[in-house]
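Biologist: I should be grateful for a close look at one part of this structure, namely the surroundings of the ligand. Please set that part within the domains and sheets from which it is built.

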Amino acid sequence: MSAKIAIIGSGPSGFYAADTFAKKLPGCQIDIIDRLHTPFGLVRAGVAPDHQGTKNVTRQFERTMQNDDVRFVGNVEIGRDVSYEELKDLYDIVFLAIGASLDRKLGIAGEDLKGVYGSAEFVGWYNGHPDFVDLAPKLGPKGVAIIGNGNVAIDIVRVLAKSMEEMEGSDLCVHAEDRIRATNITDFYMIGRRGAAQAAFTPSEANELGHLAHCHPVILNDDLTEVPENDDPKSLKNKEKNLEILKGLKDQDRGDKDKTLHMQFWAKPIAILGDDQVEGLKLERTELKDGRVTGTGKTFEIEVSSVISAIGYATQPFDGLPMDGTIVRNKEGAVEAGVYVSGWAKHGPQGTIPTNRKESMEMAKRAIDEFAGPSDKQGPSGLDQLLSERSVETVDFDNWKRIEQQEEHAAREGRVREKIVTF
Ligand SMILES: Cc1cc2nc3c(=O)[nH]c(=O)nc-3n(C[C@H](O)[C@H](O)[C@H](O)COP(=O)(O)OP(=O)(O)OC[C@H]3O[C@@H](n4cnc5c(N)ncnc54)[C@H](O)[C@@H]3O)c2cc1C
């Protein structure tokens, strides 16, 4: 039974689905289409440059690409080069794995000042995402506030607070390295609306904060005695571990560390201060009332030159794509006949690479179960014709492997690759 399948997005959700389709439907034709020249979505452009172990998941994706039924079609954007309607006409199954790449707004005064960044653009900048290489963020002379209490916030703190020697073995881009090296930020503020017992970061990321060579974490406004609650036993365990780790951090001796991470719990930003560029952040103390976080009316200010919000992402829609707020409209992953969605585009920006694996495999199996049977749709050959008529130059997986080789070849000493960031 030869199905023609288009997977939009080459992040983890796309690749795990491709693997399932290829294994369960031998002889089908699978196109993994991505708007970028390079595959792997947030594994390349989100996962922190000093977490190379995590990035190595791409080896699994490479094995999927060894299957002759699977193609990578890079530099093709749905909504720009090919429309959603055309896609549905060409393929039996359309599997949307487009992630969530837009920054959610803080919605407070001063958000348009120079020096305010969303984490998608900031992380994209240091990770060499072509959309953000020219960001040139303003860093220093004063501190930087990072809004959010998740793993992304911790990643940003680490990348900014580590010395370049501590980035040994990473793939931090040279443009980011130069800029970070040229600043000497001594104060990092991580702001959470809730307490340590509710923080979303995971124990392994929290633990890394205790191992920074030059930055000492200080826990503010939380005595770490609140007992975590959670219906999900795994999350509860993580939260209990988090508290243990934070207690350890609290007892740590500063030694001669000259940088400070101020972990401000129970505080929400209410205004970014400054005339043209960021000069400070105004915050309000918060508390829980009937299970909801509310402001107490007590405010305070911190002096910072930059504000980075790491409070979540929204899916970037294209014409015709049904949306439900910030995600693709779906019923347990089904969008419409023959169209499915998985990963961050399905449920928003929660879940790690392993979570996406399970979910995408299940979604792909469902798509197979519901596949009506062979059709006269054109599939890959129809796509090629359309792209050729529109003079779109695509990138296949062999092209990507050549790009990768060049990147590895160009690596500076102590770095694993020098990413090519413009194409
Ligand atoms: C900063 C950061 C750090 C993270 N660190 C970790 C970590 O250490 N460990 C971990 O397990 N998880 C981590 N995650 C989470 C992990 O990256 C996500 O769970 C995962 O990448 C989501 O996969 P996805 O396939 O749904 O989306 P993505 O990985 O975002 O992939 C979406 C793909 O779709 C493409 N696309 C979008 N729109 C179109 C279009 N119109 N046409 C064609 N292509 C399109 C994009 O270019 C992209 O390649 C991190 C996330 C972030 C943001």
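Modeller: The account below begins with the ligand and then follows the two domains outward from it. The model is a predicted one.

The shell around the ligand consists of 37 residues, and the closest of them are Gly9, Gly11, Gly41, Gly99 and Gly343. By residue class, the shell holds 16 nonpolar, 17 polar and 4 charged residues. Several helices and one strand contribute to this shell with at least two residues each: α1 (12-24), α2 (41-45), α7 (151-161), α11 (344-347) and α12 (353-370), together with β2 (29-34). Where does the ligand lie with respect to the two domains? Residues of the shell come both from domain 1 (4-101 + 314-409) and from domain 2 (105-311), and the ligand therefore lies between them.

The division of the chain deserves a word of its own. Domain 1 is assigned two stretches, 4-101 and 314-409, whereas domain 2 is assigned the stretch 105-311. Taken over C-alpha atoms, the centres of domain 1 and domain 2 are separated by 32 Å. To the contact between them, domain 1 gives 8 residues and domain 2 gives 16 residues. On the side of domain 1 that touches domain 2, there are 4 nonpolar residues, 3 polar residues and 1 charged residue.

One may next consider the sheet that includes β2, a strand already met in the shell around the ligand. This is an open sheet of 6 strands with mixed pairing, and its order is β3-β2-β1-β4-β18-β17. Its edges are formed by β3 (70-74) and β17 (334-336); each has a single partner strand, so one side of each has no neighbour in the sheet. On average, and with direction ignored, neighbouring strands of this sheet are turned by 20 degrees against each other. Within the sheet, strand β1 (residues 4-8) runs parallel to strand β4 (residues 93-96), and 4 bridges join the two. In this pair, Ile7 is placed opposite Phe95 of β4.

The strands of the other domain may be followed from β13. Strand β13 (residues 292-309) is joined to strand β6 (residues 116-118) by 3 bridges, and the two run parallel. Here Tyr117 is found opposite Ile308 of β13. Strand β7 (residues 143-147) is likewise parallel to β13, with 5 bridges between them, and Val144 has Ser306 of β13 as its bridge partner. Strand β12 (residues 280-289), by contrast, pairs with β13 in the antiparallel sense, over 9 bridges. In that pairing, Leu288 faces Val293 of β13 as its opposite residue. The hairpin of β12 and β13 has 2 residues between the strands, and in it Asp290 adopts a positive phi near 50 degrees.

From β7 the pairing continues to β8. These two strands run parallel and are joined by 4 bridges, with Ile146 opposite Met190 of β8. Strand β8 (residues 187-191) is mostly covered, since 4 of its 5 residues are buried. β8 also pairs in the parallel sense with strand β10 (residues 259-264), over 5 bridges. In this second pairing, Phe188 stands opposite Leu261 of β10.

Two loop residues complete the picture. Lys114 is located in the loop between β5 (102-103) and β6. Because 13 other C-beta atoms lie within 10 Å, Lys114 is classed as partly exposed. Although Lys114 and Ser306 are 192 residues apart along the chain, their C-alpha atoms are separated by 8.1 Å. When neighbours within four places in sequence are left aside, Lys114 is in contact with Lys138, Asp276, Gln277 and Val278.

Asn221 occupies the loop between β9 (215-220) and α10 (233-251). Asn221 has 15 C-beta neighbours inside 10 Å and therefore also counts as partly exposed. Measured against the sequence, Asn221 and Gln264 are 43 residues apart, while in space they are 6.5 Å apart, C-alpha to C-alpha. Apart from neighbours within four places in sequence, the contacts of Asn221 are Gln264, Phe265, Trp266 and Ala267.

Key:
Residues numbered from 1 in each chain as written. Predicted model: local features only at pLDDT ≥ 70, side-chain atom pairs only at ≥ 80, totals over all residues. Near = placed C-beta within 6 Å. Nonpolar A, V, L, I, M, F, W, Y, C, P; charged D, E, K, R; others polar. Domains from an automatic or database assignment. Pairing = 2+ DSSP bridges. Contact = placed C-beta atoms within 7 Å. Axes fitted to C-alpha atoms, helices over the stretch in contact; angles between N-to-C directions. Buried ≥ 20, exposed ≤ 12 C-beta atoms within 10 Å, placed from the backbone.
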